[in-house]
Amino acid sequence: MEGDIIVREAKFRDVQSILRILNDDIQFGGNTLDHRIWTKTQGIMWYMRHDPETYPIYVAELDGEVIGYSAINPYRSALGFERIAENSIYVDERYRRRGVARMLVSRVLEEAKARGYRVMMATIIAHNQASINLHASLGYECMSTLIRGGMRKGQPIDLVLMKRVL
Ligand SMILES: CC(C)(COP(=O)(O)OP(=O)(O)OC[C@H]1O[C@@H](n2cnc3c(N)ncnc32)[C@H](O)[C@@H]1OP(=O)(O)O)[C@@H](O)C(=O)NCCC(=O)NCCS
């Protein structure tokens, strides 16, 4: 790969690149439970809900281009869940299998621990072996499979729940 990949906190100006990467997977990849592409307004609202103090977003950048992102997301709204979070991770298809996701999720785990989180969750569509392997390689353990627990395009779909104790 040309140049060095850097991982940094996302800025408002990154929303468009984040949406491009997410929407590409929604349309062509099928690894998310959302099957409608996100609008710019949805992307901005998602960004605004991620207070960098508690729910930061990180992007990987190569030669000035955002090529992937990962975020610490709220798990549940009740206060008792305040030490549990859930991560998301997406990498531009052109830059996969080069360690970008590993860099991003490692950063998320480091930052989550520094912020006092105890557990990081990942909910993964069962056919997504790439994501299951990625998370397992970073110390996530498989907790269970929710058979037909999710829906995608009106069809039930199995979900794998993984957790990483911090
Ligand atoms: C899953 C995803 C984030 C991996 O990103 P990536 O940058 O290609 O991953 P990395 O290069 O950092 O790979 C780290 C490890 O993940 C696993 N992995 C990644 N891609 C894989 C694949 N296609 N098949 C099997 N294992 C894979 C491997 O264990 C890999 O380690 P290795 O290269 O030493 O074997 C990427 O494929 C992606 O964005 N997919 C679409 C969106 C998605 O599925 N997001 C997760 C939703 S839960």
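A residue counts as buried if 20 or more other C-beta atoms lie within 10 Å of its own. Keep that in mind for this predicted model.

Q: Is β2 largely enclosed or exposed, and how many of its six residues are buried?
A: Strand β2 covers residues 57–62. The rest of the structure largely encloses β2, because the buried residues in this strand number five of the six.

Q: Is V59 buried or exposed, and how many other C-beta atoms lie within 10 Å?
A: V59 sits in β2. The cut-off for buried is 20 or more other C-beta atoms within 10 Å. V59 is buried because its count is 22.

Q: Which residues is V59 in contact with, leaving aside neighbours within four places in sequence?
A: Take V59, in strand β2, and skip anything within four places of it in sequence. What's left is R8, A10, D14, V66, G68 and Y69.

Q: How many bridges join β2 to β3?
A: On one pairing, β2 goes with β1 (residues 5–9) in the antiparallel sense over five bridges, with I5 opposite L62. β3 (residues 65–74) also runs antiparallel to β2, and there I57 has A71 as its bridge partner. The bridges between β2 and β3 number six.

Q: Which residue takes a positive phi near 50° in the hairpin of β2 and β3?
A: This hairpin has two residues between its strands. The one with a positive phi near 50° is D63.

Q: Within what arc do the buried residues of α3 fall, seen down its axis?
A: Helix α3 has 15 residues and reaches 21 Å from its first C-alpha to its last, close to the 21 Å expected. Its buried residues are V100, A101, L104, V105, V108, L109 and A112. They line one face of the helix, because the arc they fall within is 160°.

Q: Which residues are exposed on the other side of α3?
A: An α-helix has 3.6 residues a turn, so residues three or four places apart point the same way. Opposite the buried side of α3, the exposed residues are E110 and A114.

Q: Which element gives the largest share of the shell around the ligand?
A: The ligand is surrounded by 21 residues, and the closest are N31, R96, A101, A130 and L134. Two or more residues each come from α1 (15–29), β4 (84–91), α3 (100–114) and α4 (129–137). With six residues, the largest share belongs to α4.

Q: How many residues of the shell around the ligand are charged?
A: Eight of the shell residues are nonpolar and eight are polar. The charged ones number five.

Methods: Residues are numbered from 1 along each chain as its sequence is written. This is a predicted model: local features need pLDDT of at least 70, side-chain atom pairs count only at pLDDT 80 or more; totals for chains, interfaces and linings use all residues. Helices (H or I, at least four residues) and strands (E, at least two) are DSSP runs, numbered from the N terminus. A residue is buried if 20 or more other C-beta atoms lie within 10 Å of its own, exposed if 12 or fewer, and partly exposed in between; C-beta atoms are placed from the backbone. Two residues are in contact if their C-beta atoms, placed from the backbone, lie within 7 Å. A residue is near a molecule or strand if its C-beta atom, placed from the backbone, lies within 6 Å of it. Ala, Val, Leu, Ile, Met, Phe, Trp, Tyr, Cys and Pro count as nonpolar, Asp, Glu, Lys and Arg as charged, and the others, Gly among them, as polar. The expected span of a helix is 1.5 Å times one less than its number of residues. The arc is that of the directions from the helix axis to the C-beta atoms. Two strands pair if DSSP finds at least two bridges between them.
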